[in-house]
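Visitor: I should like to take a close look at the aromatic part of this model and at what surrounds it. Please begin with a single residue and work outwards from there.

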Amino acid sequence: MSDERPVFARWRFSNAGMLGNKLLIFELFEAKYWRLKQGMPVFPSPRDCEAVDWSRMYRVRVNGRWFGEKKYSFFTLPQIAAVAERMLESQEVILIEV
């Protein structure tokens with residue numbers, strides 16, 4: 001998937017899967033590269049969370065697909081680490097296609 005935005009961080013887990021034969025790749029992109037407008041499907045909603053520090057939020061791509069409930073979902077680093085931990089523990093990767 002081509003993307004002109006620079007990758008902030010990339011985590012690669014080669015032992016994701018019962019036999020260690022699956023590759024799990026997390027790519028993080030800083031939120032500042034998206035121009036969010038009124039009415040866009042964004043998580044967390046700027047309307048609901050006025051105190052969001054967008055300089056510490058990241059959009060996540062897992063194995064080439066955007067991760068999250070809404071089309072534009074942003075997470076903090078601790079939230080991303082918790083998602084990665086759950087995926088590695090459950091041995092399956094569940095992605096929501098947007």
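Visitor: What is the relative accessible area of Trp54?

Guide: In this predicted model, Trp54 has a relative accessible area of 26%. Since buried means under 20% and exposed means over 50%, Trp54 counts as partly exposed. The ring partner to be considered with Trp54 is Phe74, which is buried, at a relative accessible area of 0%.

The ring pairs can be taken in turn. Two rings are paired if their centres lie within 6.5 Å, and planes over 60 degrees apart make the pair edge-to-face. On that criterion the model holds nine aromatic pairs. One of them joins Phe29 and Trp34: with 6.3 Å between the ring centres and 90 degrees between the planes, the pair is edge-to-face. Both Phe29 and Trp34 are buried. Trp54 and Phe74 form an edge-to-face pair as well, because their ring centres are 5.5 Å apart and their planes meet at 85 degrees. This pair connects distant parts of the chain, the two residues being 20 residues apart. Trp54 belongs to the loop between β3 (42-43) and β4 (58-62), whereas Phe74 belongs to the loop between β6 (72-73) and α1 (77-90).

These residues belong to a wider arrangement. Phe29, Trp34, Trp54, Trp66 and Phe74 are linked by ring pairs into a cluster. Trp66 also has charged neighbours: Arg59 lies over the face of its ring, 4.0 Å from the ring centre, and Arg61 lies over the face of Trp66 at 5.2 Å from that centre.

Both arginines lead to β4. In that strand, five of the five residues are buried, so β4 is largely enclosed by the rest of the structure. Arg59 and Arg61 point one way from β4, while Tyr58, Val60 and Val62 point the other way, and all of them are buried. Confidence can be compared across the elements: β4 has the highest mean pLDDT, 93, and β1 (residues 9-16) the lowest, 77.

The strands paired with β4 come next. β2 and β4 run antiparallel and are joined by five bridges, with Phe26 having Val62 as its bridge partner in β4. β4 also pairs with β5 (residues 65-66), again in the antiparallel sense, over two bridges. On that side, Val62 stands opposite Arg65. The hairpin of β4 and β5 has two residues between the strands, and Asn63 takes a positive phi near 50 degrees there. Asn63 lies in the loop between these two strands and is partly exposed, at 36% relative accessibility. Although Asn63 and Phe26 are 37 residues apart in sequence, their C-alpha atoms are 6.7 Å apart in space.

Phe26 and Val62 also lead into the nonpolar interior. In soluble globular proteins, nonpolar side chains tend to be buried together. The largest nonpolar core here has 13 residues, and Phe26, Leu28, Val60, Val62, Phe67, Ile80 and Met87 have the most contacts inside it. β2 (22-30), β4 and α1 are the elements that give two or more residues to this core. The largest share, four residues, comes from α1. A second, separate core has nine residues, among them Val52, Met57, Trp66 and Tyr72. Trp66 is thus a member both of this second core and of the aromatic cluster. Phe26, for its part, is in contact with residues including Trp11, Phe13, Val60, Val62, Ile80 and Met87, when neighbours within four places in sequence are set aside.

The whole chain provides the setting for this region. It has one helix and six strands, in the order β-β-β-β-β-β-α along the sequence. Of its 98 residues, 33% are buried. Among contacts with a separation of 6 or more, 57% are between residues 24 or more positions apart. The mean pLDDT of the chain is 79, and 76% of the residues score at least 70. Over residues 93-98 pLDDT stays under 50, and the model has 18 contacts beyond four places in sequence for that stretch.

Definitions and conventions. Residues are numbered from 1 along each chain as its sequence is written. This is a predicted model: local features need pLDDT of at least 70, side-chain atom pairs count only at pLDDT 80 or more; totals for chains, interfaces and linings use all residues. Side-chain values use heavy atoms; hydrogens and water are left out. Rings of Phe, Tyr and Trp (its six-membered ring) pair if their centres lie within 6.5 Å; planes under 30 degrees apart count as stacked, over 60 as edge-to-face and the rest as tilted. Buried means under 20% relative accessible area, exposed over 50%, partly exposed in between (1.4 Å probe, protein chains only). A charge sits over a ring if NZ of Lys or CZ of Arg is within 6 Å of the ring centre and within 35 degrees of the ring normal. A nonpolar core is a set of buried Ala, Val, Leu, Ile, Met, Phe, Trp, Tyr and Cys residues joined through side-chain atoms within 4.5 Å. Contact means heavy atoms within 4.5 Å. Two strands pair if DSSP finds at least two bridges between them. pLDDT is the predictor's confidence in each residue, from 0 to 100.
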